[in-house]
There are 2 protein chains.
Amino acid sequence: MPTRVLIADDQAMVRAGFRLILEGEPDIEVVGEAADGDQAVRLARELRPDVTLMDIRMPGVDGLRATELLAGPDVPDPLHVVMVTTFGLDENVHAALRAGACGFLLKDAGPNLLVEAVHAAAHGEALVSPAITTRLLAHFTRATSRPAPETPLTPRELDVVKAVARGATNDEICRSLVVSLPTVKTHIGAVKRKLGARNRTEIAIWAWESGLVH
Amino acid sequence: MPTRVLIADDQAMVRAGFRLILEGEPDIEVVGEAADGDQAVRLARELRPDVTLMDIRMPGVDGLRATELLAGPDVPDPLHVVMVTTFGLDENVHAALRAGACGFLLKDAGPNLLVEAVHAAAHGEALVSPAITTRLLAHFTRATSRPAPETPLTPRELDVVKAVARGATNDEICRSLVVSLPTVKTHIGAVKRKLGARNRTEIAIWAWESGLVH
DNA sequence: CGCGGTCTCGTACCCAGGTACGAACTCCGG
DNA sequence: CCGGAGTTCGTACCTGGGTACGAGACCGCG
């Protein structure tokens, strides 16, 4: 059985283009079109397509809200929504992922990627435009690797930093590491010097940025 | 001018398959093959291909180390490396991205994705297999979306939270928001109640987890 | 208009957090 | 064997953070 696709975009030319591309595939069937978010939600609920291609910017209810209604965290059986947009601004990407989208394509992505994204989404998997993936990965690696304090932290200091980054108080730390309170303060003082932090909150921030904790 | 590609995989059949797929494209040229990591590094340095397809598991120097040597953070002019593997274990993905790879494909990805990934990598952009992207996004959204304080924060409280998440002291906050110190304390008190935070560090952590700040 | 929520400010108090010393002990490498 | 680094602990002091009130001003809404 073919993959059933719903196209939601306010521009008729875009819808026609998508339909043309997708109907060239034997195992894809376009089951409907919507011109605004409201229509998209109603049609999607009625047709239950395997994949919904959703433009972000649409009159009335926009694609973001529509996606939330169809694939958001509170929806019982969420649909697979692939966001489509002309520009890949970061806020859009964040918001789209937050809303439950399982893909994010730029309109200049080319027919191949569109088809592949539909196939991936049909299996509940995600495909994202290369340009956006690049930024996503940058985000990911930036958030996952920032080592190098000029003078390295000692093992014990790392223990303290991790605890601070979890929001622990000095009292909790000294009990969890089985040392005295002055010891904890000593370590924290050393860490602050080494990292150039002015208070424990900045230590926690550093730990998060450097991927020491998740 | 065509995109010049180097293929590094210990299995000759896989190399042949890739070559067949890629040479079907008019604007892609396979300039070399390597059967292990050592060979891959030497060939890549000599040929300077636009894109290197690199298997993770290879005899001797593995794909991860080879990628580090070709695209790692300390390399002056890094090459574009796309990792290829049969299974997409998370540790591999992390390590590959850390090593400087700009793409990550599963071998069962299909010809289309392979071609698209090479095109993307040639432009310095990244394409990742849908199955892996799914997990990557899960990772991303898990780390980026934890909203829903039972009672929502007011705009002014959000201002304070952002400042706290930057590591600001109460004194700095009250000067940057042009209010008095007691006002800042009031807001922070309210935020702590709403978020169930025990101190300002936990507020900062919440802000980071919820994607309020980067 | 009256009500509720938000933002603002004040005063007062307490304690956790941070600073500044000094001083043991262990372990390791030159 | 000796020096340095790391870890531990102590005492004393000060500041910033957090709590607990109360209260006035503003604004939107029924």
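Let's start inside chain B of this predicted model, where strand S4 (residues 81–85) and strand S5 (residues 103–106) run parallel and are joined by 3 bridges. Within this pair, B:Thr85 stands opposite B:Leu106 of S5(B). Strands of a sheet pair through backbone hydrogen bonds, in either a parallel or an antiparallel way.

Now widen the view to the whole sheet. In chain B, 6 strands with parallel pairing make up an open sheet, ordered S2-S1-S3-S4-S5-S6. At its edges stand strand S2 (28–34) and strand S6 (127–128) of chain B; each has a single partner strand, so one side of each is left without a neighbour in the sheet. Two helices of chain B pack on this sheet. Helix H1 (residues 12–23) touches strand S1 (3–8), S2 and strand S3 (51–55), and its direction makes about 170° with that of S2(B). Helix H2 (residues 37–47) touches S1, S2 and S3 of chain B as well, with an angle of about 140° between its direction and that of S2(B).

From here we can step out to the pair of chains. How does chain A relate to chain B? A rotation of 178°, with 1.7 Å of shift along its axis, superposes chain A on chain B with an RMSD of 1.8 Å. That is the relation of a two-fold axis. If you would like a landmark for the axis in chain A, look for A:Thr201: its C-alpha is the nearest one, 2.7 Å away. Both copies use the same surface, as 94% of the contact residues of chain A recur in chain B.

What does that contact look like? It brings 32 residues of chain A together with 33 residues of chain B. On the chain A side, the elements that give two or more residues are helix H4 (90–99), helix H5 (111–122), strand S6 (127–128), helix H6 (130–144) and helix H10 (200–209). H6(A) supplies the largest share, 8 residues. By class, this side of chain A divides into 15 nonpolar, 11 polar and 6 charged residues.

Finally, turn to the DNA. Strand D is surrounded by 18 residues, and the closest are A:Thr154, A:Arg156, A:Val179, B:Thr169 and B:Asn170. Two or more residues of this surface come from each of helix H7 (155–165) and helix H9 (181–195) of chain A, and from each of helix H8 (170–176) and helix H9 (181–195) of chain B. H9(B) gives the most, with 4 residues. The surface near DNA strand D has 4 nonpolar, 8 polar and 6 charged residues.

Terms used
Residues are numbered from 1 along each chain as its sequence is written. Chains are lettered from A and ligands numbered from 1 in the order in which they are written. This is a predicted model: local features need pLDDT of at least 70, side-chain atom pairs count only at pLDDT 80 or more; totals for chains, interfaces and linings use all residues. Two residues are in contact if their C-beta atoms, placed from the backbone, lie within 7 Å. Ala, Val, Leu, Ile, Met, Phe, Trp, Tyr, Cys and Pro count as nonpolar, Asp, Glu, Lys and Arg as charged, and the others, Gly among them, as polar. A residue is near a molecule or strand if its C-beta atom, placed from the backbone, lies within 6 Å of it. Two strands pair if DSSP finds at least two bridges between them. Axes are lines fitted to C-alpha atoms, for helices over the stretch in contact, and angles run from 0 to 180 degrees between N-to-C directions. Copies are superposed by least squares on the C-alpha atoms of residues with pLDDT of at least 70 in both.
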